[in-house]
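Please walk me through this model, starting with one whole chain and ending with how individual helices pack.

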Amino acid sequence: MNNTMKKKLLYALAIVLACAACLTACGSESSTTVYSNKASKESSETKSAETDAAAPAIEGLTYESTLKLDYAKCFSVYKYQGGYSLIAVNDGRNYFIVPDGAETPSSLDSSYIVLKQPLDHIYLAATAAMCEFDSLDAIDHVLLSGEEADGWYIDSAKAAMESGAMLYAGKYSAPDYESLVKNRCDVAIESTMILHSPDVQEKIEELGIPVFIDRASYEPEPMGRTEWVKVYGVLTGKEDKAEEVFEEQKKYEDALADFTNTESTVAFFYVNSNGMVVTRKSSDYIPRMIEIAGGRYVFKDLGSDDDTASSAVNMGMEEFYASAKDADYIVYNASIEDPINSIQELVDKNAMFADFKAVKSGNVWCTDKSLYQASNVNGTVINDMHIMLTGGSTDDVKYLRKLQ
Amino acid sequence: MTDKYYFRTEALSVGYRGRTLIHDIDIGIQKGELVTLIGPNGAGKSTILKSIIRQLAPIAGAVYLEDERVSRISYKEFSRKTAVLLTERVKPELMTCWDIVATGRYPYTGRLGVLTEEDRAIVRKVMEEARIEDFAEKDFGEISDGQKQRVLLARALCQEPELLILDEPTAFLDIRHKLELLELLRGMTREQGITVIMSLHEIDLAQKVSDKILCVKGDKIFRYGAPAEIFNDALIGELYGIENGSYNAAFGSVEMNKPEGEPKTFVISGCGSGISVFRGLQREGVPFEAGILYKNDIDYQIASSLAARVYAEEPFHFIRDDTYAAALNAIRKSEKVLDTGVPIGDCNHRLAELIEEARKRGVYQKLS
Amino acid sequence: MNNFKRRARYELVFLLMILAFCLITVLNINSGSVNIPLRRILTILFTRSGDPTEVGIIWKIRLPRILTAAILGGALSLSGFLLQTFFQNPIAGPYVLGISSGAKMTVAVVMIYFLDRYNQVSSYLLIAAAFAGAMLSTGFILLLSRKINSMPILLVAGIMVGYICSAITDFIVTFASDSDIVNLHSWSLGSFSGANWGTVSIAAWIVGITFAAVFLMSKPLGAFQLGENYAKSVGVNIRFFKVAIILLSSVLSACVTAFAGPISFVGIAVPFLVKKALNTANPLVVTPALFLGGAVFCMFSDLIARTAFAPTELNVSTVTAMFGAPVVILMMLFYRKEKVG
C-alpha cells in the first residue's frame, strides 16, 4: 500500500514539473521585441545632447532635407525621397515613418521603430499631446484615449469621447490591451511616465504596437515645446498645417524680441495637500516664459544643483516666504491642484501669504486648470503674462485670471 | 545482577547558556527500571531531562545508552529508542486524537510520512492499551487534560521506545487519572521492559511507584537510591526545605505544622480514632498532648507530627510505670481531656485510670 | 474505520475545487473587453489558428494573465500556510517577515534613482529588484533566527524588519517627484496586468520547484504541528527545518511580489478556508489543496478586478481584500470561540 501511494505521489509531482516545462515551451513561441532599449541606455547619458547634424543614411533611400527648427532641441526630422521621414528623438529612439501604401525598406536599422501611415488608430496616453492634434484638426486620428471624457479640457476631444468616436482604453499604467488589439491600434503615444511602468511598454510592444514617447516637456524653451506640433504634423501627414499653427504662436514671442524687461519679479507655485509649496526650477520652461514675457522669475538659481529630471521643487513655507515675499506678482499654478478663486483663498491656505508684496498690492493671478493640456499655445500664454506684467486689459488674457 | 547499566551518565553537567545548574551527575539505570526525579521547584529536574533527550546541550560530561554515547547517535536512531512526554501544552490545529497518536510512528515511516497498514495496527494497539480508543476521532482540543495526557503517552509509545522520558506527566491530572497514568507506566516497565525516567512533584506517589529516586537540590545530586533509602522524614524535609509542615515517610503523607504554645489539652486515643481529632485541633491552632499511644498504633504516627508531646509505649507491652506517671502528670495539668473512645484491653488497662483522674478533676470529655 | 469518512471528505473537497478551477478558468478566458465566442476560443486554444487579432488576444493577453494569477495565487496560499505552521499562529501571512516591505524598498530605489539617471529600465530589472529586496529581508531574518530561538520573538523581529524597510522607503519617497510616488503606490497594490509568457514560465519553474520541495517536507511539517520540542523528539532536524521553511516561504512570497506586486489576504484567507473545508491540517493533503484554492481565489479576484469597471482596472489587492477581509474577521471570531468555549 505504501509503495503504490508513493508512486501516485511521485506521478503527481512529475505532472507538476511537466506543467512548468510546458508553460515554458508555450511561452517560447511568441517572440518579444524589445525596442531600442540598448540604444537608449547608451545615449541617455547625454540627455540634452543635440541629435547628429548629419542625417543618417538609409540604404535604398535618398536623403532629401532636414526640417528646420527654430527652438526645439529634443528632436530632429529627416526627410527622404518617397515621403519617408525619420524622427530622431534625443532619448535615442528613432521613428521611421512609412507613407501609406509604401514599402518598408528591407535593410532598415533594426533599432528604428517603424510607424506606417495612415496613423489613425492612435492610443493617446500622453494627455499633454492632445492639444497638438486639436490644433492640427486631427482629433479623428486618435481612436483610443488614456483619459476619461470628463478628464479632457479640450472641447473637440471631449465631444469625440461623448459621441463615441474616441474610446477610453484605460490609463497609461493599465491599458486595456484587448481593446488596443481589437481596435487595431497602430501606435501608442505615451508620456515619459511609461518609463516607470516598463512592463506595460513591453506588453504593448509585444502585441506588435509601436510605442512613441512624447518628450515635449523636456524642451528647455517654451516655444520648443510648442514646436513639437511639427512632430505630430509628420505623424498625421499634416506638416503644412503644423507649420502654419507654429508660425501663429511664434509671432507672440517674436513680437517681444525687443521688449525691455520690466524687471518685475514673478513667483509661480502651488500649495500641495501636505502644505508644502511646489514651485519650478529656474531652468524650467515656465521661468523662461516669464522672462520672454518681460518679467523675472523670483528665484535666480533654484534647483541648479539637482540633476534629476523633475523640474518641480518642494519647499517649506518658511523658505518660500524668505525668498518670494517680495515678488511683484504671484501666479498660482492651478493645473495640478484645484484653482483658487480669490486672494482670500490663498491666504486661507497659509496665513503668511498675507505678508507677501503681491498679495498686499493685489497682483495675484491664477492659471487656467487646463494649462497642462495646452502646450500648443505657449505663445499665447507668454502674451498673457506680458499683458499681466504691463498692466494691459484683462479681457485679452486667455489662460490667466486676475484674482480679487 | 548485571553490572552493565542500560542508561548511565558520566560527570554530566547541565545548564542553560553556559551556566551550569547541576554538575557531576553520575547515575546508572537498569533496563526496565522506573526512576523518578524529585526536588524543589527550579532545582533543575527539567533541565536534566531536557539534556538527556538532547533538547539541551550538556555543558560537560556524557550520557550513555547501552554504552553508546548519546551524542553520537543520529537523531533518527535516537527517536526510535527514546520517546518523551513534556509539560508544555500542545495546541495542534484540526488534529484528532488518532492523528496525534499516529505522529509517534514518524521515526518509522518513509519520506512522506505515509502510514502503512502495519503502522496503523500499532497505533490501534497502543490506543487500546492506553484505553483511549473511545475518543480516537475527537478533536484533540475537545478532550480533558487527563485524556490528553493519555493520548500523548500513547503517542510516545508508538515510537516503540526502550526509554521513556516524562516531565511532570501528572501535573494537570486529578487523583484518579494520576493513578491510572502511573499504573500504565508501571505496567510498561513490567511487561515490556521499558525504562522510564520521569519527574514528579507528588512525592508520595514517587515513593510508591519508583524503583529509584533521584533527589535534585542545589548544584548537585542530593541523593540517589531506592525509595526505602531516600524516604525518611528528615531527608524529605531537608530536600524541600519544609518549614510549614512535615512529611511522614511511613505513610507517604504530609502533615501541617504543629500548633504553637503550651498544650492545655490532652487527647486519649488509639487505633486510628484520634487522627481526625488531632487534625481538627491543628486546624484550630490548639496545642495538645497525646497518649498513651503504642508505637505501632497509627495514631502514634500522626500524633508525632501534630502533638506537642506524645506519651508513647513500646508495642505489645503493658503500660509501664514511668510512662504512666508522665501521662498522669500531664492529665493533672490539663484543662481538657478528650477521649476518642479507644478500646481498652488488658495491655492498656491503665488508660481507664487516666480517664478516672480526668473525671475527678472535671475536665473529661468523651467524643463519640 | 473513520478513515473512510475522511477519504470521502478529501475527495469531495478536491473534486469541488477542481470543478471551481475549471469553471473559473473558463470564465476568465471568456471575459474581456472583446467578445469572442467560446467555440472560437477553444479552436484558438488547441490549434492556434484563427483571426490573428483574436489569437493575439487569447494567447498574448488572456492566457498569460490567467496562468500568472493561478500560479501566484497558489504560491501565496502555500507561503501563508508555511508561515502559519511555523509560527503556530493562524494570522501569520506571507509578508509577515517583511518580504513585501523589502521588495518595495528596492523597487523604490530602482524606480526613483535609476530612472532619473538612466532614463530606461526594463521590467525584468524591476522584477529582479523586487526579488532581491525580498530575499534581503529574508536573509536578515535568517541571520536573526540563529540567535533568536523563541518563535513569538522571531515573529516580532520579522514585523520590525518590515517597519525598517518601510521607513527607508518613506525616506526615499520624500525626495522623489510626485510621478514616481504614484507609480510606486500603484505597484504596491499589485496587478497581474503586465503578465507575459516570459514571466509565466519563470514563475512556473520557481513556484513548481518550491511546491515540490514543500510537498517533500510534509513529514516534518506534520511533526511540527505538535510544537518544536515534540518534533525534535521524533527526529526532525529543527535547525535545518526552520531555515528551510523560512527560505521556501520567502521564495514563494518574493516570487509573487516580484511579478505582481504585493497581493494581500490570499495567504491568510485561503489556508483558513481550505483547512476548515478539509477538516485537517495534514500537509500531504493540504498542500495541493491549498495551491488549487489559492489559484481559484486569485483568478476569481483578478476576473473581478479587470471586468467590474472595465476598462478601468481595479488593483487585485482591492478585490482580494474585499473578499478576504470578511473571511479573516470570521476566522478571528472562530478562533476566539474555540479558545474561550
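**Chain C and two helix pairs**

Of the 341 residues of chain C, 53% count as buried (20 or more other C-beta atoms within 10 Å of the residue's own, against 12 or fewer for exposed and partly exposed in between, with C-beta atoms placed from the backbone). This is a predicted model: local features need pLDDT of at least 70, side-chain atom pairs count only at pLDDT 80 or more, and totals for chains, interfaces and linings use all residues. Residues are numbered from 1 along each chain as its sequence is written, while chains are lettered from A and ligands numbered from 1 in the order in which they are written.

Chain C has 14 helices and zero strands. Both are DSSP runs numbered from the N terminus: helices are H or I with at least four residues, strands E with at least two. The C-alpha trace of chain C spans about 60 × 55 × 35 Å along its principal axes. Its radius of gyration is 21 Å, which agrees with the value near 20 Å for a compact globule of 341 residues. That radius is taken over C-alpha atoms, and the globule rule is 2.2 Å times the number of residues to the power 0.38.

Now the contacts (C-beta atoms, placed from the backbone, within 7 Å). Of those in chain C with a separation of 6 or more, 77% join residues 24 or more positions apart.

Two packed helices are described by the angle between their axes and the distance between the axes. Axes are lines fitted to C-alpha atoms, for helices over the stretch in contact, and angles run from 0 to 180 degrees between N-to-C directions.

Take helix α3 (residues 52–87) and helix α8 (residues 197–216) of chain C. Their axes come within 10 Å and cross at roughly 30°. That makes α3(C) roughly parallel to α8(C) (under 35 degrees; over 145 is roughly antiparallel, 65 to 115 roughly perpendicular, the rest oblique). The contact includes C:L67, C:I71 and C:L78 of α3(C) and C:W197, C:V207 and C:F211 of α8(C). By class, it has 14 nonpolar, three polar and no charged residues. Nonpolar covers Ala, Val, Leu, Ile, Met, Phe, Trp, Tyr, Cys and Pro; charged covers Asp, Glu, Lys and Arg; the others, Gly among them, are polar.

In chain B, helix α4 (residues 117–129) and helix α5 (residues 145–158) pack at about 135°, with their axes 9 Å apart. α4(B) and α5(B) are therefore oblique to each other. B:I122, B:V123, B:V126 and B:M127 of α4(B) meet B:A154, B:L157 and B:C158 of α5(B). This contact has seven nonpolar, no polar and no charged residues.

Key:
Contact = placed C-beta atoms within 7 Å.
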